[in-house]
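Subject: A structure for you to explore

Hi there,

Here is the structure I promised to hand over. Please open it and have a look around before you read my notes below.

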Amino acid sequence: MSTDARSNFLKTQIQSDLDAGGTRQLVTRFPPEPNGFLHLGHAKSITVNFELAKQFGGQCHLRFDDTNPEKESQIFIDAIQEDVRWLGYQWSGEVRYASAYFQQLYDWALYLIDEGLAYVCDLSADEAREHRGSLTEAGRDSPHRTRDKEVNRDLFERMRAGEYPDGSRVLRAKIDMASPNINLRDPILYRIRKAHHHQTGEAWPIYPTYDFAHGQEDAIEGVTHSICTLEFEDHRPLYDWFIEHLPVPTRPRQFEFARLNTSYTMTSKRKLKQLVDSEAVAGWDDPRMPTLAGLRRRGYPPAAIRHFCEEVGTSRSDSVVDVAMLESAVRNQLNVEAPRAMAVLNPLPLTITNRTEPEVLMVANHPGDESMGARSVPFTSELYIDAEDFREEANKKYKRLVIGKRVRLRGGYVIEADRCDHDSAGEVSHVYARVVEGTLGEDPPDGIKAKGVIHWVSATEGLNVEIRCYDRLFTDPNPGKAEDMMAVLNPKSLVRLERAVVEPSLATAAQEAVYQFEREGYFVADRYDHTPEKPVFNMTIGLRDTWSNSHG
């Protein structure tokens, strides 16, 4: 998919800054906290920042805002890098870390103390909350706000030396406890946290807050446009206050856009963790999860996700996008790039009574792309068709196999059903049919045409596989607002089919290879569980949107 060429307010702003000469080269950044897996909402931020850099000939940095070591992990750092690359992007230069700037941030905290703009506060968390006030009531000054600069510097240096226990003291900016913006009511700059850090080890017993670190990291890296989502809009005055009051090397500016909210989708890290911990899903990369790792394992192409993020646009208005729009982008992409194959999910044996010798048919891998070539498909006297594709009798609307009627086997002959067997429960257990001679690639010579086309697999040459049919994880379009998230889980979000049979050409299917199983949908060889000895295919998506019709 090509880069979205449509304009939006960010592009207009950047072009204006470049034209005015205030910005010589655009520098953006994607700054995740390494405390979880990236999800669909992050994909929007990634595409916005990387595509803007690409369009304007700039740079986009990948920086881990690793200021909260107790919740962070190298596992997340590695997974995030892999997800960004998988989505189709490469950051400028090396991976960057907030922790690489800890000494500079500490020095700037001392600078604020020396300027009378920061102080060490001993209030407990509860006391600080009481002093903070509310949206309708001004805050009250901490009793420690008037400490001398020299005392504050001494206390902060001793915090740095590890003399005090966790939570006993904090460093706060001295701004305005009466500000209508609560973020400006003397926000915390540093907390005491004697925690091991994945990058710096035990070197620091104090850690900067995200609000203090973020803008200064941007300034150190020369970021020109710090683009984030709307929930940080109220933090922008604080971002600007630090830039204005510190001797930073550059002056980045913050801009906000609306986050991506998608129906039937949960993006709260806390609630996603609840799903994992409760084993409602099989991990962060479960194909039903909205994580990029989950979407990848589901078989969603990165190009479709990028296209979806471009199509929803970039604005400052919060809205909810129908997940069917993402699913449509996935179908459109896979329709072009996925080779075709045949799989029978609910096998019903069918015997061709006028054939004994096996035959090899050549079937196109893609009806619209000759460059994909063709594959060999064995045609034998014993076949499987899908149980849904046969009835003993049916009305004219039923375009599949009926006794006394004809259908064409996909890529093969026209057949006519003669009779069937039943099991002890009265269900059809076996079908017997004849090939209509002279119909390979041709209409029947007698002029009686087939009613429809069905797919099939050789019963003797086909491969038994496990197929995992995935659907939307939630039945509620807004699961985040449900009183009980677990109560709106879709009980049919995963159906395992253990008896499915696929054509033998799929014996060489590589992990993550996606196919259109004709007349069924798009399926991907599982990223981890699929092996030649035990093939496992995940359903990516159906050929058409059946959810809207059945849940409308």
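What follows is a short tour of what I found. Please keep in mind that this is a predicted model.

Let's start with a helix. H11 runs over residues 302–311 and is mostly covered, with seven of its ten residues buried. Those seven are Ala303, Ala304, Ile305, Arg306, Phe308, Cys309 and Glu310. What do they pack against? Their partners are four helices, H2 (40–55), H3 (74–87), H10 (292–298) and H12 (323–337), together with two strands, E10 (261–262) and E11 (320–321). After H11 comes Gly313, which has a positive phi, near 80 degrees.

One residue of this helix deserves a second look. Ile305 belongs to the largest nonpolar core, a group of 39 residues, and it shares with Ile46 and Val84 the distinction of touching the most other members. Several elements contribute to this core: H2, strand E2 (59–64), H3, H10, H11, H12 and strand E30 (521–525) each supply at least two residues. If you click on Ile305 and skip its neighbours within four places in sequence, you will find it in contact with Leu40, Ala43, Trp86, Leu87, Leu295 and Tyr300. There is also a second, separate core of 36 residues, and Phe102, Tyr106, Val120 and Leu171 are among them. As background, nonpolar side chains tend to be buried together in soluble globular proteins.

Next, a charged residue. Is Arg375, in strand E16 (residues 374–379), buried or exposed? Arg375 counts as buried because its relative accessibility is 8%, and the cut-off for buried is under 20%. Its side chain reaches the backbone oxygen of Arg340 at 3.4 Å. The side chain of Arg375 also makes a polar contact of 3.4 Å with the side chain of Asn365. Leaving out residues up to four places away in sequence, Arg375 touches a list of residues that includes Met342, Leu361, Val363, Glu503, Ser505 and Glu518.

Now for the salt bridges. Side chains of opposite charge can pair when their charged atoms come close. How many salt bridges does a search of the whole structure find? It finds 47, and here are some to try.

- Arg63 and Glu221: their side chains meet in a salt bridge at 3.1 Å, N to O. Arg63 is in strand E2 and Glu221 is in helix H7 (residues 210–221), so this pair ties together parts that are 158 residues apart in sequence. Both residues are buried.
- Arg153 and Asp114: the closest N and O atoms of this salt bridge are 2.7 Å apart. Since Arg153 sits in helix H6 (residues 149–160) and Asp114 in helix H4 (residues 102–114), the pair ties together parts that are 39 residues apart in sequence. Arg153 counts as partly exposed at 28% relative accessibility, and Asp114 counts as partly exposed at 32%.
- Arg468 and Glu466: this salt bridge joins their side chains at 3.0 Å, N to O. Arg468 and Glu466 are both buried.

Which residues are linked with Arg468 and Glu466 in a network of salt bridges? The others in that network are Asp285, Arg297, Arg496, Asp526, Asp529 and Lys534.

Enjoy exploring, and write back with any questions!

Best wishes

Note on methods
Residues numbered from 1 in each chain as written. Predicted model: local features only at pLDDT ≥ 70, side-chain atom pairs only at ≥ 80, totals over all residues. Heavy atoms only, no water. Buried < 20%, exposed > 50% of the residue type's maximum accessible area, 1.4 Å probe, protein only. Contact = heavy atoms within 4.5 Å. Core = buried A, V, L, I, M, F, W, Y, C linked by side-chain atoms within 4.5 Å. Polar contact = N/O pair within 3.5 Å; in protein donor to acceptor, adjacent residues only side chain to side chain. Salt bridge = Lys/Arg side-chain N within 4 Å of Asp/Glu carboxyl O.
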